[in-house]
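Got your viewer open? Let's take a walk through this model, one selection at a time.

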Amino acid sequence: MRTPKTRAALLTGLLLAAGAFASVNPPTASAAADPVTVTVNTRAGLATVPDTALGVNHAIWDSNLGTAETSDLLRDAGVQMMRYPGGSYADIYHWKDHTAPGGYVAPGTDFDTFMASVRRVGAQPMIIANYGTGTPAEAADWVRYANVTKGYGARYWTVGNENYGNGHYGSAWEADDHPDKSATQYARLVVEYAEAMKAVDPTIKVGAVLTMPGNWPDGITAGSDPGPWNQTVLSIAGPKIDFVDVHWYPGGTAAESLARVNHLPDATYLLRQQLTRYAGANADRIGISFTELNVDAGRTTQPAALFLADVYSGLLESGVFTVQWWNVHNGMGTVTQVAGQTDYGDFGMLSSGACTEDGAVCQPPLNTPFAPYHGLSMMKLFAKTGDQFVRAGTDEPLVTAHAVRRSNGDLAVLLVNKDPDNDHQVTIDYAGFTPSAGAPTVSTLTNGATGIATSQSGSATSRTLPAYSLTTLVLRAAGTTAGRPTAPGQPTASGVTDRAATITWPAATPGASPIAKYEVHRQNGAVSEQVGETTTTSFTVDNLLPGSRYTVNVLARDTAGRVSWASPPLTFATGSPAVSTCTVRFTTSNDWGNGYIGGVEIINNGSSPINGWTLGWTWPTGWQQVSSGWSATWEQVGTAVRVTPTTDNRQIAAGGTVSAGFVGAYGGPNVLPTAFTLNGTVCATG
């Protein structure tokens, strides 16, 4: 029987094996002599916090799933969404008779008990329909029982769990009785599941399983599938689904896990690119959920708390609609010491009260909160439903920052000190916000603490962050924010070229005074750059760089000088010139999950031969590289790639081509370049 602990260990092992290539250089602690500069920019608006944001997993092997004590703890931590029946068990679970052949089902964990817990917590359910050993009819019957017979109003349903782990890519931990285990067959059956389930209740949302960009088996094409897992599933099932479901276990040491949080912006960007490219019309309606997250080192101690707060914040500010920890209770793992604290190797955020097999070490009593529980509680204090995330950043890799702006004008700032050895003094600069002179409300979770300490103390602009800590500041605004206009609506981009884009947005609603103009701001890290203003609801941004990603916000300013909140963000990417004297075709093939065979074909569109050439591009991330190459001389400095000819391909005839190849490697989401220069000229791409 695969126990929860061995299942989790297997999954983590596979992810570690897949991620062993990652070229991450974790920051090392040093003497914290110089203050860290934190910048909080309320003009750079990000996503709004949804009412499903803070989530956890429940599992049918957990006999405490339905107890009042467990539910009350989850309610107190601010849990808004609860997933059932528990990871890989979902693909062997039959809800009608509450059985999971081959697995253990604890008493008091049936669906009605779970729903009673959901209601006591005040959360929403996310339910995993059995794909591996179930049928569309079984899933439809579950929807009927839940929403027609019982009136539970269960809105979110996922088809299966980690179904790419069914052996199709060579590793099998997920139950799958279908003779055809391909991504193509999974996608076809997702369509059948969605149609059968929505025939019962058209209001539900159905999700399909994708893999995390940059993590195995991302990028790999297996069998006769037309492409990798995500591409195949979205191309077939995209028009029928409402959201996609992704898991992430970054693996590695505590420092490596905490450093890999910087993969998230590119991972979510790639997911949205895949949705746009493959999921059909109106793909922007498809949401993204991250329903399993945890670390490999420090699961019950401070690294997990820091990781949870940092990752939940990073994903939510990118527009993910729910983030869910794996899981509530799980069981004893390998006991270690992490930053001076005993770590029980337990994926649960609450103690199971278990002991090692020899009885030498026992966990604290049942339901004692572990560090990630306190990290989730900090998220409740920090980011509330309806708050808008705004851009925040620091000049120190060991200190990260997130911020939200509240409807009453308050600002909350979350500061994460990932340095296990040193306190860090921070100075905080604010753009678009002036804090009041009063002391902020300060909540702190320190290494080894059994809870969050809250007080009113210090100033809004200076703070000492204890080593390995979470700190949230809640600040009142100086003066009144009454009478300002509402934020402009969601901007859209049209006419995007290599150098320009037209931004259009729904008008803001005036407050106490008429709206005088709109300002368009580009996000540049935690700093905003105003790129223009207009009295209309459309603006064309010029002088952009080819092959670059831009995020912009629109703000309304009225005749009295009051400024609105920032609009939701718009992210778009410029391309290459439609016409150029050169064309570059960049190709990838034989992707094995952390590398691939790449190729470049250079076409001379001019009327004269090119005698000697230099091809250049810049990787979009710091974890991409050229490992080796052929038919040219390949160099990489930082993220810049320089390719020069050999003696036999130095000349490119008019209308002629030259080709060269390389081995590419990546240690995170593989965002491919889209702009190339030849002898300094930006080329078209083909």
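Before the first stop, one term: a cavity here is a set of grid points where a 1.4 Å probe fits but cannot get out. Keep in mind too that you are looking at a predicted model.

**Stop 1: a closed-off space**

How many cavities of 30 Å³ or more are there? The count comes to two. We'll visit the second largest cavity, which holds about 40 Å³ of space. To find it, select Y93, W95, A129, N130, T135, E138, A139 and W142, the residues that line it. Try colouring them by class: you should get five nonpolar, two polar and one charged. Which element gives the most to this lining? That's helix 4, residues 136–149, with three residues.

**Stop 2: helix 4 beside helix 5**

Stay on helix 4 and add helix 5, residues 183–200. The axes of these two helices come within 8 Å and cross at roughly 30 degrees. Angles under 35 degrees count as roughly parallel, so helix 4 is roughly parallel to helix 5. Their crossing is right-handed.

Now show the side chains where they touch. From helix 4, select P136, A139, A140, V143, R144 and V148; from helix 5, select E192, Y193, A196, M197 and V200. Colour by class again, and this contact shows nine nonpolar residues, two charged ones and no polar ones. You may recognise A139, which also lines the cavity from the stop before.

**Stop 3: a cis bond before a proline**

Next, zoom in on W216 and P217. A cis peptide bond joins them, with omega at about 0 degrees. Where does P217 sit? Look in the loop between strand 6 (205–209) and helix 6.

**Stop 4: helix 6 and helix 8**

Follow that loop on to helix 6, residues 229–237, and select helix 8, residues 264–278, as well. Their axes come within 9 Å, crossing at roughly 40 degrees. Helix 6 and helix 8 are therefore oblique to each other. Seen along the crossing, the handedness is right-handed.

For the contact itself, pick N230, Q231, L234 and S235 on helix 6, then L271, Q274, L275 and Y278 on helix 8. What is the mix of classes here? You'll find four nonpolar and four polar residues, with no charged ones.

**Stop 5: an asparagine with a positive phi**

Move along to N282, in the loop between helix 8 and strand 8 (287–293). Check its backbone angles: phi is positive, at about 55 degrees, although N282 is not a glycine.

**Stop 6: helix 9 and helix 10**

Here's another helix pair. Select helix 9 (residues 302–317) and helix 10 (residues 371–382), whose axes come within 7 Å and cross at roughly 35 degrees. Helix 9 passes helix 10 in a right-handed crossing.

To see the contact, show Q302, A304, A305, L308, A309, Y312, S313 and L316 from helix 9. On the helix 10 side, add A371, P372, G375, L376, M379 and F382. By class, this contact has eleven nonpolar residues, three polar and no charged ones.

**Stop 7: another cis bond**

Now jump to W326 and N327. A cis peptide bond joins this pair, and omega is about -10 degrees. For your bearings, N327 is in the loop between strand 9 (322–325) and strand 10 (336–338).

**Stop 8: an open pocket**

Last stop: the second largest pocket, with about 340 Å³ of space. How many residues line it? There are 21, and you can centre your view by selecting R405, G432, F433, T481 and V563, which lie nearest the pocket's centre. Then highlight strand 1 (36–48) and strand 25 (549–558), since each supplies at least two residues of the lining. Finish by colouring the whole lining by class: eight residues are nonpolar, seven polar and six charged.

Definitions and conventions:
Residues are numbered from 1 along each chain as its sequence is written. This is a predicted model: local features need pLDDT of at least 70, side-chain atom pairs count only at pLDDT 80 or more; totals for chains, interfaces and linings use all residues. Side-chain values use heavy atoms; hydrogens and water are left out. On a 1 Å grid over the protein atoms alone, a cavity is a set of points where a 1.4 Å probe fits but cannot get out, and a pocket is an open set with protein on both sides within 12 Å along at least five of seven lines; lining residues have an atom within 4 Å of a point. Grid points are joined across faces, edges and corners, and a volume is the space filled by probe spheres set on the points. Helices (H or I, at least four residues) and strands (E, at least two) are DSSP runs, numbered from the N terminus. Ala, Val, Leu, Ile, Met, Phe, Trp, Tyr, Cys and Pro count as nonpolar, Asp, Glu, Lys and Arg as charged, and the others, Gly among them, as polar. Axes are lines fitted to C-alpha atoms, for helices over the stretch in contact, and angles run from 0 to 180 degrees between N-to-C directions. Angles under 35 degrees count as roughly parallel, over 145 as roughly antiparallel, 65 to 115 as roughly perpendicular and the rest as oblique. A crossing is left-handed if the near helix is turned anticlockwise from the far one by less than a right angle, and right-handed if clockwise. Contact means heavy atoms within 4.5 Å.
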